[in-house]
Amino acid sequence: MIYHDLVIIGGGPAGLSAAVAAKESGLDDILIIERDYVLGGILNQCIHNGFGLHTFKEELTGPEYASRYIAMVKQLEIPYQLNSTVLDINKEKEITVVSSENGLETIKAKAIILAMGCRERPRGALNIPGLRPAGIYTAGTAQRLVNIEGHMVGKEVVILGSGDIGLIMARRMTLEGAKVKVVAELMPYSGGLKRNIVQCLNDFDIPLKLSHTVINIDGKKRVTGITLAEVGPDRKPIPGTEEYYSCDTLLLSCGLIPENELTKQIGASMNPVTSGPMVNDRLETDVEGIFACGNVLHVHDLVDYVSEEAALAGKNAAEYIVNEKAMTDEKETNVIKLKAENGVCYTVPQSIETSTMADKLTVRFRVADVFENRSICVYYDGKRISKKKKRVLAPGEMEQVVLLKTSLEEYPDLKEIVIRTEEES
């Protein structure tokens, strides 16, 4: 058996940032395990700009952003293992890994950071009628084929789903000479960032049809066309609203799912809203010594927030290893539950342990619908502590509030913090 202090599963933006933060916190024995042949994760295929505005105060492409962190990892001499797949993790923090170079091996860690990212929702999960012709891709697969493999996936394109990857691929396909006929979205609002709707659709006159979905796919060997229909409040097609679009390619951008098969194997409690694990303010799951960050915890819209969150996980994991006994002794602490209400879908983290809390804690969340002229309010055991007016709130834009330790100390018996939206009176 091989022994390491900290093992980080995933060499994408979350894993890299966590490793750098752990090393800078004084931890030397760190190993990053990555299943791909290079570090960087999904950023390697995101050749558009818009990354790094928060982290590096400049606009970078995905590969440029990844290269900054890869350079830090190499400069700090943090070891990493590529082409390696983690098969299993148990509560004793024993990791079963397989690779062509080392075969099957078991690694025992003092702490583990889960940073496996997320995957796209495939066609099989969408229940779209029709045959199974060529020309149907998830938006991320098409992005990899175009940007990394150099293969053009089609000439006449329809995109189902208005997530950020789908919006970006609408622009990318247009720039490569394809005709993007329409982007259809089942919900009455877009799932992507407002800036991507403007820069990727509006700037190229690509129509966005909200409350629409694909109800049929034509073609046997290759897609020849699709039928769109408007949907009602029950998300079911409205008869008589069908529209036919001839196309040779259908891209699916219908949501991202955190990669949490390993998390479930460990036995960590899962959040049914985020599909990620439940964590405290240190981003530690309820399995002691196992932390989670990035898109495996909840799907982010900005990689800068992934890096920020992962750095916190790396720092806390390092502190856990160095002060393991002290951290265990402090388990008898006041635990405050965080609750989402009235339009707020979830919070990350879901609990705060006051004795080990940092001076400042960022709580991130998403809303359930598009709201106008509302306030984000924070309540301590029923008493409103803060109120922040927002002109527009949308599910595609992650929101956050900052909680101060000094504020919580004024309420020594505090049991519950509620974050909710309220209409402006």
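Here, buried means under 20% relative accessible area, exposed means over 50%, and partly exposed covers what falls in between (1.4 Å probe, protein chains only). The structure is a predicted model, so local features need pLDDT of at least 70 and side-chain atom pairs count only at pLDDT 80 or more, while totals for chains, interfaces and linings use all residues. Residues are numbered from 1 along each chain as its sequence is written, and side-chain values use heavy atoms, with hydrogens and water left out.

Charged pairs come up first. Side chains of opposite charge can pair when their charged atoms come close. With a salt bridge taken as a side-chain nitrogen of Lys or Arg within 4 Å of a carboxyl oxygen of Asp or Glu, the count comes to 21. One of them joins Arg144 to Glu149 at 3.7 Å, N to O. Arg144 is partly exposed at 27% relative accessibility, and Glu149 is partly exposed too, at 41%. Another salt bridge runs between Lys339 and Glu341, at 3.4 Å; Lys339 has a relative accessible area of 36% and Glu341 one of 24%, which makes Glu341 partly exposed. Glu422 and Arg420 also meet in a salt bridge, at 3.3 Å. Here the partners fall on opposite sides of the cut-off: Glu422 is buried at 15%, whereas Arg420 is partly exposed at 22%. These last two pairs belong to a bigger picture, since a network of salt bridges links Lys339, Glu341, Arg384, Arg420 and Glu422. The aromatic rings are next. A pair of rings is described by the distance of the centres and the angle of the planes. Rings of Phe, Tyr and Trp (its six-membered ring) pair if their centres lie within 6.5 Å; planes under 30 degrees apart count as stacked, over 60 as edge-to-face and the rest as tilted. A search of the whole structure turns up five aromatic pairs. In one of them, Phe56 and Tyr65 sit edge-to-face, 5.4 Å centre to centre with 70° between the planes. Tyr65 also pairs with Tyr69, with centres 5.6 Å apart and planes at 40°, so this pair is tilted. Tyr65 and Tyr69 are four residues apart in helix H2 (residues 62–75), and so are separated by about one helical turn. Helices (H or I, at least four residues) and strands (E, at least two) are DSSP runs, numbered from the N terminus. Phe56 and Tyr65 are both buried, as are Tyr65 and Tyr69, and ring pairs link Phe56, Tyr65 and Tyr69 into a cluster.

Phe56 has a charged partner as well. A charge sits over a ring if NZ of Lys or CZ of Arg is within 6 Å of the ring centre and within 35 degrees of the ring normal. The charged end of Arg68 does this over Phe56, 5.1 Å from the ring centre. Likewise, Arg374 lies over the face of Phe371, at 4.0 Å from the ring centre.

What about the nonpolar interior? A nonpolar core is a set of buried Ala, Val, Leu, Ile, Met, Phe, Trp, Tyr and Cys residues joined through side-chain atoms within 4.5 Å. The largest one holds 62 residues, of which Leu6, Ile8, Ile9, Ile89 and Leu114 touch the most other members. Helix H7 (residues 303–322) gives the most to this core, with eight residues. Contact means heavy atoms within 4.5 Å. Leaving aside neighbours within four places in sequence, Leu6 is in contact with ten residues' worth of partners named here in full: Ala22, Leu27, Asp29, Ile30, Leu31, Ala111, Ile112, Ile113, Ala317 and Ile321. Ala311 is also in helix H7, but counts as partly exposed at 26% relative accessibility. Beyond residues up to four places away in sequence, Ala311 touches Ser17, Ala18 and Ala21.

A buried polar residue sits in another helix. Asn196 is in helix H5 (residues 194–201) and is buried, at 7% relative accessibility. The side chains of Asn196 and Asp164 are joined by a polar contact of 2.9 Å. Such a contact is a pair of N or O atoms within 3.5 Å; within protein, one must be able to donate a hydrogen and the other to accept it, and residues adjacent in sequence count only if both atoms are side-chain atoms. Neighbours within four places aside, Asn196 is in contact with Asp164, Leu167, Ile168 and Leu201.

Last come some backbone oddities. Most residues other than glycine have a negative phi, and most peptide bonds are trans. Val348 and Pro349, however, are joined by a cis peptide bond, with omega about 5°. Pro349 is in the loop between strand E18 (335–341) and strand E19 (351–353). Asn342 is in the loop between E18 and E19 too; Asn342 has a positive phi, near 50°, and is partly exposed at 39%. Ser211 has a positive phi of about 55° although it is not a glycine. Ser211 lies in the loop between strand E11 (208–210) and strand E12 (212–218) and is buried, with a relative accessible area of 17%.
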